[in-house]
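Take a moment with the sequence and the 3D view. The paragraphs below start from the inside and work outwards.

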Amino acid sequence: SICTGVRISKDFILTAGHCFRSKPRKFTVKYVNGKKIISAKVYFSKVIIKGKALSEELAIIPINPKDLAEGQSLGTLPIFPFETKSLSQKDSFSIAGFGIDTRGTVGYLKTGQVNFNREYLGSKGGAFKMILVSPNKTKSFPCPGDSGGPIFTTKNGTKELIGIVSFISSTNRKLSGHEAKDQCKYGNIAAYIPLNLHMSFLERYLDKK
């Protein structure tokens, strides 16, 4: 399986908790730095998962700077402390992911734009808050494998992280039972975890100012 993540500090990557349901003993993290890809092995025992609920399934992956090639450095995305109430359907955001596309191709970095849809409320276990977005001018999102991928905005020339994708859905049909490439084809909504609601958990993994 494959998931996407985003680096939030020099020592940590953030992704979705459900990426580790199988509890692998170890897995491979691939860092994208310009046109170069650097691989490193990480052990599951070091992964920190906040909670099991969809709205809290944040997973922190520690990364060792020693695993990077000499002279390599990776950028981070600062978290934008927005208010969900301030978002409107006129807002457009950037997204990125390593998930498949409608042809079943996987393994390359996709980028695109999404439009804010609405704040999502409701679950069997009680109310929770997430962000629903719809893809704009692309069929590459949302897709299996994009879980944990970032949604971000640009403020004054600086990219700022808003949330990470938790699950994909469709307003037209049930996606369960479909092959991954068909889920990508029919999916037209992605639910993102807004990180501003989880800063007390995330702050310990961010670089000190």
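**The nonpolar interior**

In this predicted model, the largest nonpolar core has 17 residues. Those with the most contacts inside it are Ile8, Leu14, Leu58, Ile60 and Leu202. Which elements give two or more residues to this core? They are β2, β6 (58-62), β9, β11, β12 and α2 (199-202). The largest share comes from β12, which gives three residues.

Apart from this core lies another one, of twelve residues. Among its members are Ile13, Ala16, Phe20 and Ala59. In soluble globular proteins, nonpolar side chains tend to be buried together.

Ile60 is a good place to look around. Leaving aside neighbours within four places in sequence, Ile60 is in contact with Ile8, Phe12, Ile13 and Leu14, among others. Its contacts also include Lys46, Val47 and Ile48. Phe201, Leu202 and Tyr205 belong to the list as well.

**The whole chain**

Now step back. The protein has two helices and twelve strands. Along the sequence, the pattern is β-β-β-β-β-β-β-β-β-β-β-α-β-α. Of the 209 residues, 45% are buried. How much surface does the protein expose? The value is about 11700 Å², and carbon and sulfur atoms supply 49% of it.

Contacts also reach along the chain. Take those between residues at least 6 apart in sequence: 62% of them join residues at least 24 apart.

**An open sheet**

Next, find the sheet of four strands. It is open, and its order is β1-β2-β6-β5. The pairing is antiparallel. Why do β1 (6-7) and β5 (48-49) each have one side without a neighbour in the sheet? Both stand at the edges with a single partner strand each, so one side of each is left free of a neighbour there.

Look closer at one of those edges. β1 runs antiparallel to strand β2 (residues 12-16), and two bridges join them. Arg7 stands opposite Ile13 in β2. Strands of a sheet pair through backbone hydrogen bonds, either parallel or antiparallel.

**Three strands further along**

Move on to β10, β11 and β12. Strand β10 (residues 150-155) pairs with strand β11 (residues 158-169) in the antiparallel sense, over six bridges. In this pairing, Thr154 stands opposite Lys159 in β11. The hairpin of β10 and β11 has two residues between the strands. There, Asn156 takes a positive phi near 55°.

β11 has a further partner, strand β12 (residues 189-194). These two also pair in the antiparallel sense, over six bridges. Here Gly163 has Pro194 in β12 as its bridge partner. Both β11 and β12 are also among the elements that give two or more residues to the largest core.

**One salt bridge**

Finish with charge. Side chains of opposite charge can pair when their charged atoms come close. The structure holds one salt bridge. It joins Asp146 and Lys110, whose closest N and O atoms are 3.3 Å apart. Where do the two residues sit? Asp146 is in the loop between β9 (129-136) and β10, and Lys110 is in strand β8 (residues 110-121). The pair links distant parts of the chain, 36 residues apart.

Are the partners buried or exposed? Asp146 counts as buried because its relative accessibility is 5%. Lys110 is buried too, with a relative accessible area of 3%.

How values were computed. Residues are numbered from 1 along each chain as its sequence is written. This is a predicted model: local features need pLDDT of at least 70, side-chain atom pairs count only at pLDDT 80 or more; totals for chains, interfaces and linings use all residues. Side-chain values use heavy atoms; hydrogens and water are left out. Two strands pair if DSSP finds at least two bridges between them. A salt bridge is a side-chain nitrogen of Lys or Arg within 4 Å of a carboxyl oxygen of Asp or Glu. Buried means under 20% relative accessible area, exposed over 50%, partly exposed in between (1.4 Å probe, protein chains only). Contact means heavy atoms within 4.5 Å. Accessible areas come from the Shrake-Rupley method with a 1.4 Å probe; for residues, only the protein chains shown count as cover. A nonpolar core is a set of buried Ala, Val, Leu, Ile, Met, Phe, Trp, Tyr and Cys residues joined through side-chain atoms within 4.5 Å.
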